[in-house]
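Please open the structure in a viewer and set the display to a cartoon representation. The tour below proceeds by selection, from one element to the next.

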Amino acid sequence: MTKVGKIWEHFTKLGVIEGYKQERAKCNRCPFTCASTVLRCEEHFKVCTNTSIEILKEYFGEEFERPRFNVFG
Ligand SMILES: [Zn+2]
């Protein structure tokens, strides 16, 4: 299990943006931004409608299924 850091293949670190206390990151496939933490990015990554299930399975493993609820925002 060496997926630490792999999320940054799918998100771009933006650094600190005016108006936010924490560093921000942006999804590479849509305009979504969130706090620049692996946890936050993975939360979006799972539900990103522009990311294919094949890519998600490559990241999370073959067993991965998209959550049935949306957790946008
Ligand atoms: Zn996205």
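Begin with helix α1 by selecting residues 38–47. In this predicted model, α1 lies across β1, β2 and β3, and its direction makes an angle of about 145 degrees with β3.

Which residues of α1 are buried? Display Cys-41, His-44 and Phe-45, which are the buried residues of this helix. Now turn the view to look down the axis of α1: the buried residues fall within an arc of 105 degrees, so they line one face of the helix. The elements that cover these buried residues include β1, β2 and β3.

Next, hide the helix and examine the strands beneath the selection. The three strands form an open sheet in the order β1-β2-β3, with antiparallel pairing. Select β1 (11–16) and β3 (33–35): each has a single partner strand and stands at an edge, so one side of each is left without a neighbour in the sheet. On average, neighbouring strands of this sheet are turned by 30 degrees against each other, with direction ignored. As general background, strands of a sheet pair through backbone hydrogen bonds, in either a parallel or an antiparallel manner.

Add β2, residues 23–27, to the selection of β1. The two strands are joined by 5 bridges in the antiparallel sense. Two positions are worth labelling here. Thr-12 has Lys-26 of β2 as its bridge partner, and Lys-13 stands opposite Ala-25 of the same strand, β2.

Follow the chain from β1 into β2. These strands form a hairpin, with 6 residues between them. Within the turn, select Gly-19 and inspect its backbone: phi is positive, at about 100 degrees.

Return to Ala-25 and display its surroundings. Leaving aside residues up to four places away in sequence, Ala-25 touches Phe-11, Thr-12, Lys-13, Leu-14, Thr-33, Cys-34, Ser-36 and Cys-41.

Where does the largest nonpolar core lie? Select Phe-11, Ala-25, Cys-41, Phe-45 and Cys-48, the 5 residues that make up this core. Two of its members, Cys-41 and Phe-45, have already appeared among the buried residues of α1.

Finally, restore the full view. The protein contains 2 helices and 3 strands, arranged along the sequence in the pattern β-β-β-α-α. Colouring by burial marks 10% of the 73 residues as buried. Of the contacts between residues at least 6 apart in sequence, 17% join residues at least 24 apart.

Conventions:
Residues are numbered from 1 along each chain as its sequence is written. This is a predicted model: local features need pLDDT of at least 70, side-chain atom pairs count only at pLDDT 80 or more; totals for chains, interfaces and linings use all residues. Two strands pair if DSSP finds at least two bridges between them. Helices (H or I, at least four residues) and strands (E, at least two) are DSSP runs, numbered from the N terminus. Axes are lines fitted to C-alpha atoms, for helices over the stretch in contact, and angles run from 0 to 180 degrees between N-to-C directions. Two residues are in contact if their C-beta atoms, placed from the backbone, lie within 7 Å. A nonpolar core is a set of buried Ala, Val, Leu, Ile, Met, Phe, Trp, Tyr and Cys residues joined through C-beta atoms within 7 Å. A residue is buried if 20 or more other C-beta atoms lie within 10 Å of its own, exposed if 12 or fewer, and partly exposed in between; C-beta atoms are placed from the backbone. The arc is that of the directions from the helix axis to the C-beta atoms.
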